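Please find below some notes on the structure, set out as numbered points for a colleague's reading.

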Amino acid sequence: MAGKTRNEASSSRSGGGGSNRGESVVVDVGRRRSTCGYCRSGARTSISHGLWAHSITVDDYQDLLDRGWRRSGSFLYKPEMERTCCPSYTIRLRADDFVPSKEQLRVSKRMQRFQDGTLSVKKQDKINDGPKTSKSSGSSIHHEVSGSAAKGTLAGKDEEKNKVEAFMHYLSDQIDNAVCACTESGEFLCDIQLPKASVKMVLPAKRKLQVEGSEDLLYSSNISFQIAATLRRAQSAEKDVPHSKLSRHNAEEDVSSIAFLPKTIAEKLASSLNHMAKVSGMSIRACNGHINFYSARKGNFLSEGIQIVNGAKESPTGSGSEGGCLKKSSECPQGKRRKLEIRLKRSSFDPEEFALYRRYQIKVHNDTPEHVMESSYRRFLVDTPLVFVPPTGDDTVPPCGFGSFHQQYVIDGRLVAVGVIDILPRCLSSKYLFWDPDLAFLSLGKYSALQEIGWIKENQAHCPSLQYYYLGYYIHSCSKMRYKAAYRPSELLCPLRYQWVPFDIARPLLDRQPYVVLSDFAVLQNGESTPHVPENLMEMQHNGLNEEDANDIDDEEMDDADFVNSDDESDSEANGPTSVEIEDGDVSNVLIGLKRSCVRFKDLQHAFGPSERAYLETQLQRYMRAVGAEVAGRMVYSLG
């Protein structure tokens, strides 16, 4: 009986062409509570259902994605949308329908110009290996202050003026890179053109008007005021819900207004520029919305000019691979072509990838070095339970096969970005991306998404079932996760009936409340007016978001160890309809794994006493509601 049941279950997981694609074996860890990485409430307000997967077929994982599941390494999780603090909606788009925005087109053109050597990146033509820690003459940027105040020749003055202007251009470029990094990490709105920075010298006469201790002030930029005005105009253009009716909308607007203050923007940019302060010997601080640059030595105001020189060997910290520091464009003349290679490899540990990930987490997300460990990296982005399916040559599997992959972006032989992806029968699922912080101006997060969408289109000739691009979770209550909707036209998964609903229909509903049964409003696709949604449904209060909250793609690191078991909670907590109402409660066909045998629960239940059987039935019902009756009949529910 057991052998027969196993064979029948295995054949049901076979892919096209009749080849067996392996077996899914999971351990149900049930409902779990954890702290939320999005709203940062501090309490264990994030509620989800978890599975630990020993193995899982690409077909089963595809079906789980279409029921709102995601994975972090070998740990699978699904938010309990009715209960969790930040409802997370699976978002996807059909690759053939994708229409790039103006900003996305600019990203592609910028990368092309960078490869052609026609992009004006001034001091940045080579990829920096890592941060410089020395303030000595070995730094890549070094300013000298002449002690002489004597008059020079006209040619000497012109040369000094050019040096000062060159350094101000350099500072402007660094601010622009910081703006790009903030946009890339979700600090600023996507799909709008932000102004370019301009840095001006503070004249000695004006320095005297400053407060005591500011006599070292050399340069200043008011870019934060311009960015704030641009962001406010963009926010105003997006308003489509009356303020007087939506208390939650007003609360979010208050948070956004604070985020768009010049003072707040200046503080973010000054923080991003701290790495430059270490190598230039200058002090960079935000002051009333201005970004100010101070000399490290009092009494020296660079009145005699600035010398920009190349650095010697950089500090051994960083990626650990060979390469040069940032160099002036004059040393790498405009017109030099760069070679971009995109390589797809099976998921495995690569020291060069880990070094890049480590630097990315430290510089972009401000993680401390001791918290970026190889073990957590492996668990998060290398380990995978997906059973690899090799290519078959019969138009059912792409040439690379199905499974978990790392897509490497290499420029002139240097690794600059890695996209962690799963390639499944109906989609490419994007999990995470990390990139070289020195190339923030290339918007590699957006660029990699465009490449992944293009990859789907190209491979449809080999595997016609590949149609969709999955971007992970869209979290409307977290402003930093809204960028995913910029890839249009996208769809969100209804958390109750698991139907796909166009984002344009879902957005006004999510503006009103965080949890919505989206399929109730699917009839609006024909353009009918939005129905009234009662205001007394559950509302959420949102705290300010820290800058490390956002990722380019995707999901925060999750682990079953991060959770507290809460299986003893009643299912009656949730307000409104739940999946209980639409799922079949018969668990007799759930496939059970016990002592290396697989049997249906209906053939096994007689082996348990009444109380044990009742408890197990309760657990299986909750499991089946989470994964679906069909998948529950295919995956092995392991009892040990």
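1. Which residue in β20 does V25 stand opposite? The partner of V25 there is V636. The model is a predicted one, in which local features need pLDDT of at least 70, side-chain atom pairs count only at pLDDT 80 or more, and totals for chains, interfaces and linings use all residues. Residues are numbered from 1 along each chain as its sequence is written, and side-chain values use heavy atoms, with hydrogens and water left out.

2. Strand β1 (residues 25–34) pairs with strand β20 (residues 636–638) in the parallel sense over 2 bridges, and with strand β2 (residues 46–55) in the antiparallel sense over 9 bridges, S34 having S46 as its bridge partner in β2. Strands are DSSP runs of E of at least two residues, and helices runs of H or I of at least four, numbered from the N terminus; two strands pair if DSSP finds at least two bridges between them.

3. Of the 10 residues of β1, 8 are buried (under 20% relative accessible area, with a 1.4 Å probe and protein chains only). Helix α2 (residues 58–65) is largely enclosed by the rest of the structure, because 7 of its 8 residues are buried, among them D59, D60 and Y61.

4. The largest nonpolar core (buried Ala, Val, Leu, Ile, Met, Phe, Trp, Tyr and Cys residues joined through side-chain atoms within 4.5 Å) has 73 residues, and L492 and L518 are among those with the most contacts inside it. Helix α15 (residues 610–627) supplies the largest share of this core, 6 residues. A second, separate core of 34 residues includes V107 and W435.

Terms used. Buried means under 20% relative accessible area, exposed over 50%, partly exposed in between (1.4 Å probe, protein chains only).
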